[in-house]
Each structure stands twice: as C-alpha cells, then as structure tokens.
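Student: I've got the model open and I'd like to go through the reasoning behind the labels. Can we take it step by step?

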Amino acid sequence: MKIVKPNRLQKGDTVGVIAPASPPNLENLERGIEYLQGLGLKVKKGRSVNETYGYLAGTDQERLDDLHEMFLDKEVKAIICACGGYGAGRIALGIDYEIIKKNPKIFWGYSDITFLHTAFRQETGLITFHGPMLGSDIGKENTHALSRDGFLQLFHPEALSYTEQLSPLEVVVAGTASGSLIGGNLSLLVSTLGTKFEIDTKGKLLFIEDINEEPRSVDRMLNQLYMAGKLDEASGILVGDFCDCTSKRELSLTLDEVINHYLERANKPALKGFQIGHCNPHISIPLGVNATMNTMEKTLIVESGIL
C-alpha cells in the first residue's frame, strides 16, 4: 500500500488529545498539555479523556467516537494519545478507515497504541509516530529532555540518525537491512496474529519493545512470532527497551538469552539497545517510513514521517 505522510505542524495549530485505551493520570496529562502549549500549539481534548469504565477511558463507543471526531475535525492537525494501558484493540474493528484515508494527520502514541499503529498503516498507509505520551511520560516531572524534544520532528521534515551517541548498541546478527520501519510493543504485535490486522513484516525492519514481562513470557511471544514466520520475513530486527522484564523465579533464562535465541534463529541483521519504549529518555520514531540499519556502523537512519 502506498504510504501517506501527514502534513507538518506549525505554531498556532490545534492538536487533539484522546485516550483510546486506559484513562490517564490527569495531573500528568495537564502538565503534558502545558508542554504542547509551550510549543505554540492549541489543544482540544476528546470527550472521553476524563472518563473511566473499569480499566478503560470510557466505553468502546465513547473512545471510538473521540477518535473519529478528531480525524474529522478540520481544525485538528495532529492527534496525540494521553496514555496506553489496555483497550485500543477493542475499537479496531469499529474504526471507519475511510475517515482516516480522507483526513490523514499526525497520530502519536506507543505501548497499547501499537495495535492502532498497525491497523492504520495496513488499512490506510498512514505514517504514524511511536513516541512518549502526555499522561504517562511527558507530564511526569522527571521526563528527560530528549523525550520531550521528540515532538520537534513534527515541525521539521528531517531524517533521524540513531547512533551510539544516544545509547550503546549491541550487534546480535551482523549485516545491513532496509525497509519500512514497523512494530512497537511485542505483546500487542503478537495479539494481531490471526486477526484482520495481523502484522505484515515481509521485507520490513521490525522493531520490538515491552514492559513488565518475565523472560518466559517474552520467550512465548517471540516463539509465536517466529513460528508465524514474522521474524524470518523481516529484513532486519531492532530491539528497544524491555523495561522491568526480569524473572520473579529462581530458575529462568535471562532476557538476553531469550531474545538472542530468536534473533539468531531468524538470522536477520539485528541490533539491540535502542532507547525506544517504556524508558526515559524515550526516542520517538515514525512508523511506516523507509529506514536503513547498519550493524557494522551501529546506525539506524529513518526518513522523516511528515511532509
């Protein structure tokens, strides 16, 4: 499918804030909104952002309505997710993807939002952004400047060059690989298997990250991706941050042993150590654009995600 890059932001533009999954920490959210306003942006909140329905930010219909309304609103130039948690996948079948096709705009989030990144890209070709969110990241008082600075890529169409100046990178399988950069949270990628939105990794650079999963759980998920052919079909694999993914039992493989096992079996160029995911700082990247990974130089070059 032909990729669709959204238009860049300009000072004075309005951005919409929605919570398509769980309810955000409202104090953090307000501080995150203040940050966006400090960039010269106006902010419009979705109606369900302050709602709670169990572990969801409102009912499925309320969250779906917010998503549709923000894409239809001509004043809104970008949609920023308040937080992740759980629930984005529940609304995926109800989304009118024609609305997104006819109104392409910046869409930003990560974690549980991975399901929507995948669905949007594969149904519409829209380039989206994997980056820290307002309530769960940007609004925290200890958020690193690099996490906040990621939003600046929405104003200027410049390629991202990720080198070891940002974080140490470890070569697992040597080589060079290019393709569309896709992926996100490992557990959400696995949850697409067998659905209409099953992740397509063929000829693509696959990025993975996760949080609060024991090595045995990461093993199970990577094994499922491997058996489904998703690791073999990828042109290369990038490993981001696996936050608090340590074993709570005495007998266990280490996280590195688990990840290396599957990367070596797939035998595709692979780099570990990207500071992308549930980490601080959290480096933002566009998803769906062309990228090149070089393990000899330990670099990842990603084209801009905006026009």
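Student: Which residues are linked with Lys44 in a network of salt bridges?

Tutor: Asp73 and Glu75 are the ones linked with Lys44 in that network. Keep in mind that this is a predicted model.

Student: How many salt bridges does the rule give in the whole count?

Tutor: The count comes to 16. As background, side chains of opposite charge can pair when their charged atoms come close.

Student: What makes Lys5 and Glu303 a salt bridge?

Tutor: The cut-off is a Lys or Arg side-chain nitrogen within 4 Å of an Asp or Glu carboxyl oxygen. The closest N and O atoms of Lys5 and Glu303 are 2.9 Å apart, so the pair qualifies. Lys5 sits in the segment before strand S1 (14-18) and Glu303 in the segment after strand S14 (299-302), so the bridge ties together parts that are 298 residues apart in sequence.

Student: Why is Glu303 called partly exposed?

Tutor: Buried is under 20% and exposed is over 50%, with partly exposed in between. Glu303 has 25% relative accessibility, so it lands in the middle class.

Student: What makes Glu170 and Lys272 count as a salt bridge?

Tutor: Their N to O distance is 3.8 Å, and the rule asks for within 4 Å, so they count. Glu170 belongs to strand S7 (residues 170-173) and Lys272 to strand S11 (residues 270-272), so this pair ties together parts 102 residues apart in sequence.

Student: Which of the labels buried and partly exposed goes to Glu170, and which to Lys272?

Tutor: Glu170 has a relative accessible area of 38%, which makes it partly exposed. Lys272 comes in at 5%, so it is buried.

Student: Which side chain meets Lys272 in a salt bridge of 2.8 Å, N to O?

Tutor: That's Asp256, and 2.8 Å again fits the rule of within 4 Å. This pair links distant parts of the chain: Lys272 is in strand S11 and Asp256 in helix H10 (residues 255-266), 16 residues apart. Asp256 has 43% relative accessibility, so it is partly exposed.

Student: How many disulfides does a search of the whole structure find?

Tutor: Zero. Take Cys245: the nearest cysteine sulfur, that of Cys243, is 7.1 Å away. A disulfide needs sulfur atoms within 2.5 Å, so Cys245 is in none.

Student: Why is there no bond for the sulfur of Cys279?

Tutor: Its closest cysteine sulfur is in Cys243, 7.7 Å off, and that is too far for a bond. Cys279 is buried at 11% relative accessible area, and Cys245 is buried at 4%.

Student: How do you know that helix H8 reaches close to its expected span?

Tutor: H8 (residues 215-227) has 13 residues and reaches 18 Å from first C-alpha to last. At 1.5 Å a residue the expected value is also 18 Å, so the two agree. Just after H8, Gly229 takes a positive phi of about 85°.

Student: Which residues are buried in H8, and what covers them?

Tutor: Pro215, Ser217, Val218, Met221, Leu222, Leu225 and Tyr226 are buried. Their cover includes helix H7 (186-191), strand S9 (205-211), helix H9 (230-233), strand S10 (236-243) and H10.

Student: Which domain does UniProt list for residues 178-293?

Tutor: The unreviewed UniProt entry gives "LD-carboxypeptidase C-terminal" there. That span is 30% helix and 28% strand, and its end C-alpha atoms lie 6 Å apart.

Terms used: Residues are numbered from 1 along each chain as its sequence is written. This is a predicted model: local features need pLDDT of at least 70, side-chain atom pairs count only at pLDDT 80 or more; totals for chains, interfaces and linings use all residues. Side-chain values use heavy atoms; hydrogens and water are left out. UniProt positions are given in the numbering used here, feature names are shortened, and annotations may be inferred rather than shown by experiment. Helices (H or I, at least four residues) and strands (E, at least two) are DSSP runs, numbered from the N terminus. Buried means under 20% relative accessible area, exposed over 50%, partly exposed in between (1.4 Å probe, protein chains only). Contact means heavy atoms within 4.5 Å.
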